[in-house]
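Work through the exercises below with the model open beside you, and try each task before you read its solution.

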Protein chains: 2
Amino acid sequence: MPAAQPSASPDCTVRGSTVQEGASASRAKGRPRSAAADLAILDATRETLAELGWGGLTMGHVATRAKVAKTTLYRRWPSKNELVVDAVASLFDELVMPDLGSLRSDIQAVVTQFADLLARPETQAALLALFAEGTRDPQLRRRIREAIVDPQKRLVRQGRAAAQARGELEPDTDAESAREEVDIIFDTIAGTVEHRVLVSGEPITAEWTSRFTDLLLGPLTAA
Amino acid sequence: MPAAQPSASPDCTVRGSTVQEGASASRAKGRPRSAAADLAILDATRETLAELGWGGLTMGHVATRAKVAKTTLYRRWPSKNELVVDAVASLFDELVMPDLGSLRSDIQAVVTQFADLLARPETQAALLALFAEGTRDPQLRRRIREAIVDPQKRLVRQGRAAAQARGELEPDTDAESAREEVDIIFDTIAGTVEHRVLVSGEPITAEWTSRFTDLLLGPLTAA
DNA sequence: TGCTTTCGCTACGGGTCGTAGCGTAACTGG
DNA sequence: CCAGTTACGCTACGACCCGTAGCGAAAGCA
């Protein structure tokens, strides 16, 4: 398995005081943080997640596995939740919107990609646990949305744009209405696949994907 | 808020040995278990869940609140997870399939009911956490499916049957195909509403429900 | 009146979280 | 080259929770 590329925002804590002082780009003064440690910690988090699941993920384990002191983890992330957000977010970056020539095949491709991602043990162990914590901690939920959920809405937007360019969909008339439509499509795809895989525990077959795509295409397939 | 009726299966552990001996219905011999304690524990679990969330739910808290010794909890449920399954399952029994005269209004009514249920703090705190644990513990997942998920599929079946009786839907041709259709519809409704409420964190408005229903009805609305 | 099982209580071992204190390592500016 | 600043590894700690064990007492049955 290829090592996932580091997340866009490796650090979670701010170096120095909270108030921004002096120049905008503060030149670090002391010993710089080890970038290798960042990667080692995130990798160790994903590996431990895959092997032991959320319940078995302890800061001690991660630290040992990353060959790093436990205190080093707490210097970067305030809590286990934030660490896992960063560790998991990068997994979603591999999702891409292909342009296969028809809206139907594009949707099927994305659904299949998402199903494969959810089949991986580290995703499976972390995603729902993270969402669960998010229901209680509004700040964590915001981080989840910013790092994981919202970035993936690009897939829906890209797919819509391609279909509009092909003439399969009407062009947008109202920006607000378009945004709501993107949201509803996204929630439907993400929620349904998650529920099927993680709750019902049944596999995503090609036939299921085909049926589900029919549902999503809705009125278009009636013609 | 009205006290929820007790779950169908109050006990989780078997009294006596695992091997079934003698008569089928084993007549209890010693001091019987307090039925009042069962209800007090389940109520205390829901209340604590609503106030402190999953993370704040400890067996000690529940025991204290139910005015019961902690050991009494462990005599009935082997672990926190199983206790919460029973405590939460009864919340879902209040969902009903109304017969409002059209498939469209029936769907909207159920979606609204489900959204209201998910808006309640005890449901919100417990459901995703439970699902998350279920991804790691196959036995717990089975209990979740049997106690929470599968029973609610009746709603989809009832709605379909009513629509078929009205002539809005074609009668079933193949039993297997019908079962798959029920599954896909159920996963779509449950998953999408859960994702919208619990992950995206946005409210379910009447307008959203209307749009989502359009999506579900699919080809029918094109006519 | 015995027998059986539950009940409340107290205490315990094992594990995790997140923090504090220390001496040392790395890097920067004078 | 040397002081200042920051990160690092290590160890230890208090607080909390889990799940179990042991005890005497209570509540039903034969």
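**Exercise 1: Charges over rings**

Task: Find which ring the charged end of A:Lys80 sits over, and then look for the ring that belongs to B:Lys80.

Solution: In this predicted model, the charged end of A:Lys80 is placed over the ring of A:Trp54, at 5.3 Å from the ring centre. Turning to chain B, the charged end of B:Lys80 sits over the ring of B:Trp54, and here the distance to the centre is 5.3 Å.

**Exercise 2: Aromatic pairs**

Task: Determine how many aromatic pairs there are over all chains, and classify the pair formed by A:Trp208 and A:Phe212.

Solution: Begin with the count, which comes to four aromatic pairs over all chains. One of them joins A:Trp208 and A:Phe212, whose ring centres are 5.0 Å apart and whose planes make an angle of 20°. Because planes under 30 degrees apart count as stacked, this pair is stacked. Next, consider the positions in the chain: A:Trp208 and A:Phe212 are four residues apart in helix 9 (residues 206-217) of chain A, so they are separated by about one helical turn. Finally, check the accessibility: A:Trp208 counts as buried because its relative accessibility is 6%, and A:Phe212 counts as buried with a value of 0%.

Task: Classify the pair of B:Phe92 and B:Phe114 in the same way.

Solution: The centres of B:Phe92 and B:Phe114 lie 6.5 Å apart with 50° between the planes, and the pair is tilted. This pair links distant parts of the chain, since B:Phe92 is in the loop between helix 4 (80-89) and helix 5 (103-119) of chain B, while B:Phe114 is in helix 5 of chain B, 22 residues apart. As for accessibility, B:Phe92 is buried at a relative accessible area of 4%, and B:Phe114 is buried at 7%.

**Exercise 3: An acidic residue in a helix**

Task: Decide whether A:Asp183 is buried or exposed, and list what it touches.

Solution: First locate A:Asp183, which is found in helix 8 (residues 175-200) of chain A. Its relative accessibility is 6%, and therefore A:Asp183 counts as buried. Leaving out residues up to four places away in sequence, A:Asp183 touches A:Lys153, B:Arg196 and B:Glu202.

**Exercise 4: The two DNA strands**

Task: Describe the protein surface near DNA strand D, and say which helix gives the most to it.

Solution: There are 26 residues around DNA strand D, and those that come nearest are A:Thr72, A:Arg75, A:Arg76, B:Lys70 and B:Tyr74. By kind, the residues of this surface divide into seven nonpolar, eight polar and 11 charged. Helix 3 of chain A gives the most, with four residues. Looking at single contacts, a polar side-chain atom of A:Thr71 lies 3.2 Å from a base nitrogen of DNA strand D, whereas a polar backbone atom of B:Met59 is 3.1 Å from a phosphate oxygen of this strand.

Task: Repeat the description for DNA strand C, beginning with the residues that come nearest.

Solution: Of the 24 residues around DNA strand C, A:Pro32, A:Tyr74, B:Thr72, B:Arg75 and B:Arg76 come nearest. Of the atoms of DNA strand C that come within 4 Å of the protein, 65% belong to sugar and phosphate. Here helix 3 of chain B gives the most to the surface, with four residues. Among the contacts, a side-chain N or O atom of B:Thr71 is 3.1 Å from a base nitrogen of DNA strand C, and a polar side-chain atom of B:Arg76 lies 2.9 Å from a phosphate oxygen of the strand.

Definitions and conventions: Residues are numbered from 1 along each chain as its sequence is written. Chains are lettered from A and ligands numbered from 1 in the order in which they are written. This is a predicted model: local features need pLDDT of at least 70, side-chain atom pairs count only at pLDDT 80 or more; totals for chains, interfaces and linings use all residues. Side-chain values use heavy atoms; hydrogens and water are left out. A residue is near a molecule or strand if one of its heavy atoms lies within 4 Å of it. A polar contact is a pair of N or O atoms within 3.5 Å; within protein, one must be able to donate a hydrogen and the other to accept it, and residues adjacent in sequence count only if both atoms are side-chain atoms. Helices (H or I, at least four residues) and strands (E, at least two) are DSSP runs, numbered from the N terminus. Ala, Val, Leu, Ile, Met, Phe, Trp, Tyr, Cys and Pro count as nonpolar, Asp, Glu, Lys and Arg as charged, and the others, Gly among them, as polar. Buried means under 20% relative accessible area, exposed over 50%, partly exposed in between (1.4 Å probe, protein chains only). Contact means heavy atoms within 4.5 Å. Rings of Phe, Tyr and Trp (its six-membered ring) pair if their centres lie within 6.5 Å; planes under 30 degrees apart count as stacked, over 60 as edge-to-face and the rest as tilted. A charge sits over a ring if NZ of Lys or CZ of Arg is within 6 Å of the ring centre and within 35 degrees of the ring normal.
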